[in-house]
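Me: Got a minute to go through a structure with me? I'd like to start with how strands get paired up.

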Amino acid sequence: MKLQGLAKVIEGASGALPAATGAVIGVVGAAAITALYLLRLRRRRVVVAFAPLWLGAPGAERAARRTRRVRHWLSLALALGLFAAMLVGAVDVGLETGERGAIDQSGRSLRGGRSLVLLIDRSASMSATDEAGSRLAAGRQRGNEIVGSLTGADRALVASFAADVTAESGFESDPRRLARAIAGVGPSDEPGDLQRALAFAAAILRGRPRPTIVLVSDGGFTDDARRLAPVDADGRALDVRYAPVGRRADNIGILSLAARRIPADPGAVETALVVQSFRPAPSTVGVEISGGGLIVEKVTLTLAPGERRRLTLPNLFAPDTRIEARLTGVDDLAVDDDARATIPALPHRRILRVGGPDLYLDGALLGLGRTVHVERLPAADADRAAARARDFDLVVFDGVTPSVPPKEGRFLYFDPQGVGNPFAAAREARPVRDPVLDPASLHGDHPLLRQLDLTDVNIAEARRLALAPGDVALAASFDLPLIVARERPGLRIAALAFDPRRSDLPMRPAFPLLVANALAWAARDDAADATPGVDGGATVRDPRESDTKPVPTLALGGRTLTPPDPAPRHSRPRFGSWALMLAAALLLFDWLSYHRRWTT
Amino acid sequence: MTPAGDNAARADGAARADGRIGSRFDDRFLRKLESLALTIRRTTAGRSHGMRRSRRVGAGLEFADHRDYVPGDDLRHLDWNLYGRLERRALRLYEEDEDLSIDVLVDASLSMAMGQPPKLDLAFQIAAALAYVGLSNLDRVAVTALDAEAAGPPPGRGKARILPILRYLDALRPREGSPRTSLAAAVREFLSRRGGRRRGLVALVSDFYDPAGPRAALELIGRNRLEAIAVQISAPDELAPQLRGDLQLCDAETGETRELTISPRALADYTQRHAALLRELGGYCRERAIPCFTLSSDQPFDAVVLRMFRAGGLLG
């Protein structure tokens with residue numbers, strides 16, 4: 001019992017001093033000090049043989065008596081000043097506690113300090129300059145204000161988050177240390193992971209008194225991120241406050257950039273760019289594409305409010321392995337105004353060409369570059385070639401057809417015929433002479449026909465191919481398929497219903513491109529993104545980070561977050577530390593004056 | 001052993017047998033006293049025979065002067081030779097042989113009890129030494145304590161008189177509780193008691209801490225046509241006090257208290273005032289050819305007394 005009582009006394013002693021108690025202590029203490037000084041100090045009595053030798057002239061003695069009286073009162077003033085300074089210091093802490101810690105959100109009267117985690121968003125959007133300096137600078141300022149409003153009993157931890165969370169400090173009550181931790185929060189170009197940050201804060205607050213999370217952010221989070229509110233160990237929702245930063249939405253950003261080499265022209269790249277405007281009004285923005293230190297393309301875009309534009313630049317000169325896109329013009333967020341993409345090198349491919357001499361085809365294969373290895377087999381070995389199809393990225397049957405349609409592999413047939421024709425009709429029909437390619441039938445978006453110009457192609461005759469379910473006629477002459485494609489699991493077959501040598505297609509640029517497209521289509525990874533613009537080598541950003549529209553109110557788990565408590569501490573000067581410093585100075589002066597005999 | 005030594009030893013033995021000598025004067029002191037007397041006699045040999053001739057005209061053997069006869073004079077002193085030659089009636093005057101009267105005045109005020117060791121101890125020892133040497137020279141010696149409760153033994157001659165003196169000094173205690181009597185006033189009182197019966201020598205052993213100034217007592221002695229010897233004693237902590245801080249100073253004699261902060265400056269002022277007091281005393285004594293000795297109470301008395309006699313002007 002005694003120990004418990006002692007603990008209570010110690011707890012009470014370590015707590016803040018209420019103002020009323022401070023006033024009582026002040027009056028009593030001042031009265032006691034004054035009484036003690038009026039009673040005078042009891043001096044050591046020393047008997048001397050002849051006192052006049054010590055006292056000197058009577059005039060001097062009177063002057064010394066007056067001086068002594070002045071010193072005596074000065075000493076009293078010093079003691080009262082020291083007492084007052086210490087009391088003000090103690091009471092000031094009490095006032096802070098009373099102002100800040102007296103009432104919680106539900107209006108309950110509280111005692112003791114809070115445990116506060118200050119979460120500062122340092123994601124890419126916080127680099128927007130619509131605030132003085134940046135949103136992050138404004139967030140740091142807001143964080144300093146929050147730290148400055150803490151009471152002496154509060155403990156706070158500063159953490160920053162983007163894609164990950166970093167604790168910038170431990171739980172501290174020293175505002176200067178917390179301010180240093182806040183100053184150490186730097187910008188990031190990563191998206192903000194709110195749930196991860198809240199989970200971190202909830203974990204670190206577990207078991208601490210009066211847990212509170214203060215989120216300093218521009219609020220650009222997904223609905224998923226805002227669906228759950230953090231809870232404590234007992235499943236109760238934590239007290240989360242929101243301090244918004246950001247004033248306006250004035251940004252146009254590059255959301256993605258991708259480039260890839262064109263197999264037919266290794267010095268050129270195909271580039272895809274996605275730009276979005278987050279401005280509330282139509283905007284015009286310039287786009288510069290550069291590679292190898294040279295600007296290789298300039299485009300001007302006019303974007304409607306909120307419009308997302310996908311820009312494809314099919315043939316850009318890019319000798320370097322990197323390509324860069326940059327928006328010209330001024331907006332609030334600079335980090336999304338440029339993007340860089342690494343151009344992936346062309347893969348090494350293997351092609352098995354089966355058939356007789358064909359200079360056109362050999363020329364087209366030669367144009368695929370050194371990354372493509374071509375093996376040749378005579379027409380008689382067509383069946384053997386079909387059996388080796390697994391070892392090649394593409395097997396080209398040039399006017400020959402193996403005896404059995406393949407079950408797996410990747411094939412390009414020129415004029416398939418006979419029983420091994422994978423598109424064999426039930427009944428062999430005569431070839432159609434002079435078919436006319438219908439431009440409306442072209443599937444220009446298919447990888448096989450991308451960037452091909454097949455209009456006005458003259459074909460001497462074409463064989464009628466039968467399409468099975470799932471097959472696609474990419475080009476046709478009315479009901480006569482001219483170019484077909486079949487995709488089955490483990491099987492891809494493209495076929496031209498005509499012999500290219502009996503058309504003017506080999507004389508056109510489309511022919512080598514068609515061969516290159518066939519190789520790319522056949523060798524394409526099924527799991528890869530079908531969108532050619534953002535496959536390998538792409539830079540993709542979270543559009544939320546480019547959307548700098550400020551969010552003044554934020555809801556978590558359906559509950560709107562309240563702002564942090566106002567800081568009444570800043571409504572009046574902070575006397576406490578100054579008073580204590582004054583007390584220390586007075587104590588030092590008192591010690592010095594006493595030992596130098598200036599006082600008493 | 002000399003007769004004087006025998007006397008001292010006898011006195012010492014009697015005293016010890018009677019238990020009449022207290023803590024101040026033990027065997028060692030008495031032996032030192034005897035040894036001191038011998039040393040002084042050898043030191044001053046040829047200068048004095050231990051007796052002084054007074055200027056009084058009386059029944060001595062040495063012719064001094066003539067004076068006219070007046071009726072009633074003793075005709076036995078009439079100088080008949082002069083009458084026969086000049087028919088003038090004149091009396092022959094002779095210098096009277098008279099022993100020296102030595103008064104040793106010891107300031108026994110409360111201020112003399114101060115110090116470590118107390119100044120009074122050295123003062124009593126010096127007084128005893130002076131008295132013993134005087135008695136050894138067959139002078140009439142009286143020891144008087146100023147400002148003390150008990151009166152001293154009557155003047156006497158011969159070494160045997162040392163014992164009453166020692167007992168008197170041993171029993172002396174400063175008079176406490178009484179208001180301060182200045183040194184000059186105490187000397188005035190002594191002189192009035194002594195009367196002008198004879199001239200002599202007065203040795204004043206004191207600290208000379210007198211509100212009237214250090215010279216006032218000596219001036220009184222000189223005004224009564226007495227030779228004076230000044231022995232000033234200070235305690236070591238009066239010469240170089242070690243006091244510091246806030247103190248309540250209490251005057252040993254008056255009991256008056258004063259609050260004082262002893263700073264280095266105040267200490268320097270005190271030292272300066274004390275030195276000025278000693279300078280004033282020394283200056284006055286030099287002007288009047290008064291032997292003056294300034295002593296510290298921690299000095300051994302025999303060395304002090306020997307130095308005093310070697311300096312001359314004492315008892316010789």
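Reply: Sure. Two strands count as a pair if DSSP finds at least two bridges between them. Bear in mind that this is a predicted model.

Me: OK, so how many bridges are there between β21(A) and β22 of chain A, and in which sense do they pair?

Reply: There are 6 bridges, and β21(A) pairs with β22 (residues 491–496) in the antiparallel sense. A:Arg488 sits opposite A:Leu491 in β22(A).

Me: Which residue takes a positive phi in that hairpin of β21(A) and β22(A)?

Reply: A:Gly490, with phi near 80°; the hairpin has 2 residues between the strands.

Me: And what about β20 and β21 of chain A?

Reply: Those strands run antiparallel too, joined by 5 bridges, with A:Ser477 opposite A:Leu480. Their hairpin also has 2 residues between the strands, and there A:Phe478 has a positive phi near 60°.

Me: Switching to helices. Which residues of α8 in chain A are buried?

Reply: A:Leu361, A:Ala364 and A:Leu365. They are on the same side of α8(A), because they span an arc of only 100° around the axis.

Me: What do they pack against?

Reply: β14, β15, β16 and α10, which belong to chain A.

Me: Now the contact between the chains. How many residues does each chain put in?

Reply: Chain B contributes 24 residues and chain A 17. On the chain B side, β8(B) gives the most, with 6 residues. By class, that side has 10 nonpolar, 5 polar and 9 charged residues.

Me: Which strand of chain A is joined to β8(B)?

Reply: β1 (residues 44–48), running parallel to β8(B) with 5 bridges. A:Val46 is opposite B:Leu249 there.

Definitions and conventions: Residues are numbered from 1 along each chain as its sequence is written. Chains are lettered from A and ligands numbered from 1 in the order in which they are written. This is a predicted model: local features need pLDDT of at least 70, side-chain atom pairs count only at pLDDT 80 or more; totals for chains, interfaces and linings use all residues. A residue is buried if 20 or more other C-beta atoms lie within 10 Å of its own, exposed if 12 or fewer, and partly exposed in between; C-beta atoms are placed from the backbone. Helices (H or I, at least four residues) and strands (E, at least two) are DSSP runs, numbered from the N terminus. The arc is that of the directions from the helix axis to the C-beta atoms. Two residues are in contact if their C-beta atoms, placed from the backbone, lie within 7 Å. Ala, Val, Leu, Ile, Met, Phe, Trp, Tyr, Cys and Pro count as nonpolar, Asp, Glu, Lys and Arg as charged, and the others, Gly among them, as polar.
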